[in-house]
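Notebook open, structure on screen. I want to go through the sheets, the helix packing and the places where chains and domains meet.

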Amino acid sequence: MNANTHASADSGVDAAQGALAEPVLAVEGLGIRSGDLRLVSDVGFSLGAGERVGIIGESGSGKSLTALATMGLLPDGLTASGSVRLAGVEQELLSAGERQLARIRGHRASMVFQEPMTALNPLMRVGDQVAEVMLRHDTRPDKRGAADAAVDLLGRVRLSDPTAAAKAYPHQLSGGQRQRVMLAIALANDPSVLICDEPTTALDVTVQAQMLDLILEGVAARRSALLFITHDLAVVAQVCERVIVLYGGRVVEAGPVWDVFTNPRHRYLEGLLAASDLEHGSADGRLSTIRGAVPGAGQFPAGCVFRNRCDHATERCESLPPWAGAPQHGFACWHPAGGERA
Amino acid sequence: MLPALLRRTAVFLASVVVASVLVFGFMAVLPGDPAEVALGVNASPEAVAEVRAEFGTDRSKPVQYADWAGGLSVGDFGVSYVTQESVGTQINERMQVTLILVLAAMIVSLAIALPLGTIAAARHKKASGVALSAASQVGAAVPAFLAGILLVAVFSVQLGWFPSSGWTPPDEGFGDFLRQLILPAISLGVVEGAVLTRYVRSAVLEVLREDFLRTARAKGLTPNQALVWHGLRNAAIPVITVLGLQLSTLLIGAVVIERVYVIPGLGSLLLDGVSNRDLLLVQGVVMVLVVAVLIVNYLVDVLYVVIDPRLRRS
Amino acid sequence: MRSLVRSAAVVAAGTLVLVFGACGGEGTESSGGGGGGGASTTVKIGLNAEPENLDFTTTDGAAIPEALLVNVYEGLVKLNEEGEIVPLLAKSWDLSKDRRTYTFQLQEGAKFSNGDPFNADAVKFSIERVQSDDWKISLKSYMDVVDQVKVNSPTEVEVVLKQPSNNWLFQMTTRIGAMFSPNGVDDLANTPIGTGPYLLERWTRGDSILLSQNPDYWGEKPPMEAVTLRYFKDATALNNALLSGAIDVINDIQAPDSLTQFTGDDRFQVIEGTTNGEITLALNNESGPMKDTRIRQAISKGLDREAILKTAWAGRGELIGSMVPPTDPWYEDLTDVHGYDPEAAKQLLAEAGASDLEIRFRVPNLPYATAPAQVVKSQLAKIGVTANIDVLEFPARWLAEVFTKADYDMSIVQHVEPRDIVTFGNPDYYWRYDSPKVQKLLAEGDKGSEEEQTEALKQVARTLAEDAAAAWLYVFPNITVTKKGIEGLPQNRVSESLDLTEITRG
Amino acid sequence: MSIGASGELADVSGLQDLASGDARRRLNRYLVIGMTIVGLIVFTALVSFIWTPYDPTEVDAEARLLEPSTSHVLGADKFGRDVLSQLMWGARTTLFVGVVAVGVAALIGTPLGILAGMFPRWADELVMRSNDLLLAFPALLLAIMFGAVFGASTLTAMLAIGIATVPAFARIARSGTLQVMSREYVLAARAAGRPRFAIARRHVLPNIAPLLIVQSSVAFGIAVLAEAALSFLGFGTRPPNPSWGRMLQESQELLHSAPLLSVWPGLAIALAVLGFNLLGDGLRDHFDPRLDDRR
């Protein structure tokens, strides 16, 4: 079941401005398997230009794999199915060859990864690594142009001395600075989609805030769509307009951040929000938690993937709950919080 | 950089001195008397005593060491009492032969190892990758002299393409020199190349897992481009270490190939020197070896710094 | 991924093309003599032991005289193919009635390579130099018998011996008879100055010696204008050099089993003869179990010499029963003395109370020694004698342990010096054999006429065999392989020298 | 990728995951092949203690250069000795060769390396420079020296090879130790005042053990090749004890007339070296889960 099939039916429901225009990125029925082990199933969503969407979920929920699959960067041994379409590219990305994908990556769609310390080539100057993405896609006339653009980009991501930073080697920069370089690289060719896979998780709090501002500023300036992957509810609330909640490789709930966070429907999201709300403790002052632990890959129960940890689970949950609500705003739960299904 | 350089040269000199004491001690302890060896089955006790006096091996060990080391410090390796020729010139001639042979072998080895090792790593899942890796395993398992013997049997005895042995210095006949160099260089190069291939494979495999390769692909480089532009340079570091090791061991290790192809190299000189108890010659050769190995290691360290900015003290 | 593979394939292919491309042009010197006049007056000979230096007055080893004696240095007399003493720098000589004074008539007009004339003074200088301290090797003791040298005229010299000695004239055909010029002896190790038909053109150590014709040689010029002696430590490399045409002759094959490559091939001819090299199983007559004659005899009886030769050296070589090669005048076939009789051997051992004897078999690490040693060990095991092989690095350790200290029970080595039966007259020699009877016979033989010498030495040989002073296995074969059309190489190696002066090329 | 890491086959950086990841115990391709070959050799060596078709040192003039036949399955050499029996006994020599060489190299090299890794200031420079010196003394020279001083035999040859391999082990142990010493839990242990040698035993050794095992198997292969080379030069195993290296050297002159005599020992040597190298690769992949093909 994927949320997207109903897109045409009730267009107009969404408040996001871009929704009306043709989506920049459309993912439908995305499944990722490793051999016979299903890691992600039936994930669907779409991004309008300038729209900011978050994917949240604990580790092992398949959120990073979804991002990598979109960019065609899945590690060996994993295969993706379903459909990923990018505006302006008639070729279906999942079946595109390396050559075609190479022309898209870093140009029409780009990505920032979690770990900045090892993301840059230690033996190459920072400026050259930024210029490379522009030279690769001929978005600058020549080496000179690319080098200058690189310095300019480093300035835009607020590195204190961009010219010096360009000449420096990665080991001479801090984690935060390197992540800014990665952002500069990602934004260099004004991509229509920017995917960030937990870009601030490895940074300390103060730098985290600056990084998030830079990301928002960057995508806003370019009207790029932002797909922001994180496990941090506060960050999603601050950055994204819409959110998609993944658990066990499936979309369990999606919708505008404010609505979804104030009245969560899927029991998992309800439990997640309760666990992260410090005041909301039980009588004896203990913080509330979700019982049990996230099962290993392939050990999620059939039907509703959360039922083995859900207090409201009934046999009905043994069959896969259909998607309720609009494609961009709904949930998949037989016994949702806040009253019976609409 | 100066203090580091100073310290390094000091260590260099200390190592050379320690080596000289070690090799002198080794030769002193070695049974078999040079004078006796020179006179062979025609030795009478008086004659042996006379020859020993002539060789100077009747002097006390410390005196002999001082005399030898003194000469060494001014670059005089002394005259071999067995061959009556200056040790320095002999080593010099033979060193040139060995260096040419070993460097030629290294070129063959790199020509084999770099492409094959990289491909074996890049496709370590696919059959071709496994086949290449297996081939390099087999290649590394063949004794060099066996490869030599087989190559001679086929290419020079059967096909007559190449001479089966001998050595012509390059300036005395470049055509002959090249034709005599090819088989020995290939015999040595193929075996060393097979060994090197496995190190290249392991280094490239290591690099393939690095995050910055994924970043490169995210920037729009195809996997090949990512490997070539970003991967190989990083993989070079461990490979250079192995190259240094191989070069150091081959200076003498090539003696086996020198014996099959009758090439007057350093290894044969050392072997003959030891069996003739030509003390000054052996000590001279080992000292040259020690200096050569220390230089090779120094070059390897310099290469590290050239390749890896992290090592440069700003 | 394909692009990477293609570029790699190109690199690999490129290297191969470079490699094989370079080999274009004509193959190696094809074995057909290469046509043209020039080629047929030069010859390349492959040998296996390279001289360490060129001064045989102070350095031992057969390699130096092999290359230089007769070819570069000449004596008054030399040995011909049959082992007879023939004139060389001495046109003729006559012996006084008391057999103590030899008067030599010298060749006129002979000159040393440095221009000095060859005359009686040079003969006197050379002989007296051997007696001086300048000569170090023990062979010089053969000159002790010379009392004085008188120069009658530039072309006549008299040598007076202390007592008659047949052996002296024979020894004058070896290295101690080599004639030197008084001012040509300062750098003997690198620049030999002789009167011979060849000059040392060039010596590249570890590779080859080039001898070129001496333009103003006093005698008849040898057919070959230039002779290259190339040295191969590895037997297979030596064979391959001939097969691939790099050399024209193999002087003595070290790997008899590889002969079939040549015998079956009509491009080559194989000449087999004998040498003076007796493969001898040395027994320590002074200390250890071998002191007991019965045990030595038992060892001799325990050896099936036929099988040893057949297994260790492919049947090449001739069996001998004593320290005498077939080419010596006093040779007798003594192989039946204490011949192969394992039962008798066991019995003798029992008599000597050594039924399960263990002996130290100290062997040099040379192929011609380790091969027969393994056969000997296996055969002796059948008569209850355990021979523990201990391989000693040759020459250094074998000389120190076995030759000098005689710290061994049994060893095996090839003695190449001509007429080295006399070593059994010297109790200090490493056999440590002391038999007054043999010593007396040797002395008489030397003093007497040639016939008396032959008779005396026959008795010596027989006594040594009966006494089992050592266990002689076989005489090392002289196997020469040459390209078709090359003649004049000695079939039997009777002298220390490899005489290159008769080589012709059809 | 730690800088100046050992160039030896056992790359070090897989180390981070050894301690933490649940190294999935799984037999990969190389390990299986490697173990079977090495197992075959060990088995042959053991069998040779109790039974061989003939006494490998027994010379038999009649059987000289026999082609493979029912009596001599793999034929007989120029001394009439049975080739199969020599190969079986040769397996024993080969294992002996490897054990001595690797044993010596590991027992001397490893502590040196750990010392260098743990006391970077003074020990490191000393060990590294002595490594260079050891590298300059070719194994060949050592083999001749030991042969001359203690009498040429397999043992002395392999002592020399062992000592010549010490630098490789020292280098690996050093970089492994440097890695472990920089780990948080080791820093914690040092902060808690644990004596260095306790740390070495409890933390360092178990962690670099996998690397040393991999290097040992590779060194085993190198030792076998070295023995063959030494025999070729006349310094290897003492006759008549059979050794593959010497069998190859003795049969070399018969290459044209009885090529099989060279094929058997050559094959045995190549197989043994291949076996040990594959075992090395297999162990490396086994200890380093990230290379796990299945993930």
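Before the first entry, a cut-off I need for saying that a helix lies across strands: I take two residues to be in contact if their C-beta atoms, placed from the backbone, lie within 7 Å. I also remind myself that this is a predicted model.

**Entry: chain A, sheet and helix**

I began with the open sheet of chain A, which has three strands in the order β2-β1-β4 with antiparallel pairing. At its edges I found β2 (37–47) and β4 (78–86) of chain A, each pairing on one side only. From one strand to the next, the twist averages 5°.

I then looked at how β1(A) (residues 25–34) is held to β2(A): seven bridges join the two, running antiparallel. Within that pair I picked out Leu30(A), which stands opposite Val43(A) in β2(A).

Which helix lies across β1, β2 and β4 of chain A? I traced it to α1(A), residues 63–71, which runs at about 115° to β1(A).

**Entry: chain C, sheet and helix**

Next I checked the open sheet of chain C and read off four strands in the order β4-β5-β7-β6, with antiparallel pairing. Why is one side of β4 (90–95) and of β6 (146–153) of chain C left without a neighbour in the sheet? Both stand at the edges with a single partner strand each, so there is nothing in the sheet on the other side. I noted an average twist of 20° from one strand to the next.

For β4(C) and β5(C) (residues 101–106), I counted five bridges in the antiparallel sense. Ser92(C) faces Gln105(C) of β5(C) there, one opposite the other.

I also looked up α4(C), residues 120–131: this helix lies across β5, β6 and β7 (156–161) of chain C, at about 170° to β6(C).

**Entry: a helix pair in chain D**

I moved on to α3 (residues 83–118) and α8 (residues 196–233) of chain D, which pack at about 145° with their axes 8 Å apart. The crossing of α3(D) past α8(D) is right-handed. On the α3(D) side I listed contact residues including Val97(D), Ala101(D) and Ile114(D), and on the α8(D) side, among them, Val204(D), Leu212(D) and Phe220(D). Sorting this contact by class gave me 14 nonpolar, four polar and two charged residues.

**Entry: between chains**

Which chains share the most contacts among the five pairs that touch? I get chains B and C. Chains A and C do not touch, and their nearest C-alpha atoms are 10 Å apart.

For A against B, I have 27 residues of chain A in contact with 20 residues of chain B. On the chain A side, α2 (98–104), β5 (109–112) and α3 (126–136) each supply at least two residues. The largest share, four residues, comes from α2(A). By class, I split the chain A side into twelve nonpolar, seven polar and eight charged.

**Entry: two domains of chain B**

Last, I pulled the domain assignment of chain B, which gives domain 1 (2–73) and domain 2 (87–308). Their C-alpha centres lie 32 Å apart. I still find 14 residues of domain 1 in contact with twelve residues of domain 2.

Which elements of chain B give two or more residues to the domain 1 side? I noted α1 (2–29), α2 (34–39) and α4 (61–73) of chain B. The largest share, eight residues, comes from α1(B). That side divides into ten nonpolar, three polar and one charged.

Methods
Residues are numbered from 1 along each chain as its sequence is written. Chains are lettered from A and ligands numbered from 1 in the order in which they are written. This is a predicted model: local features need pLDDT of at least 70, side-chain atom pairs count only at pLDDT 80 or more; totals for chains, interfaces and linings use all residues. Ala, Val, Leu, Ile, Met, Phe, Trp, Tyr, Cys and Pro count as nonpolar, Asp, Glu, Lys and Arg as charged, and the others, Gly among them, as polar. Two strands pair if DSSP finds at least two bridges between them. Axes are lines fitted to C-alpha atoms, for helices over the stretch in contact, and angles run from 0 to 180 degrees between N-to-C directions. A crossing is left-handed if the near helix is turned anticlockwise from the far one by less than a right angle, and right-handed if clockwise. Domain bounds come from an automatic or database domain assignment.
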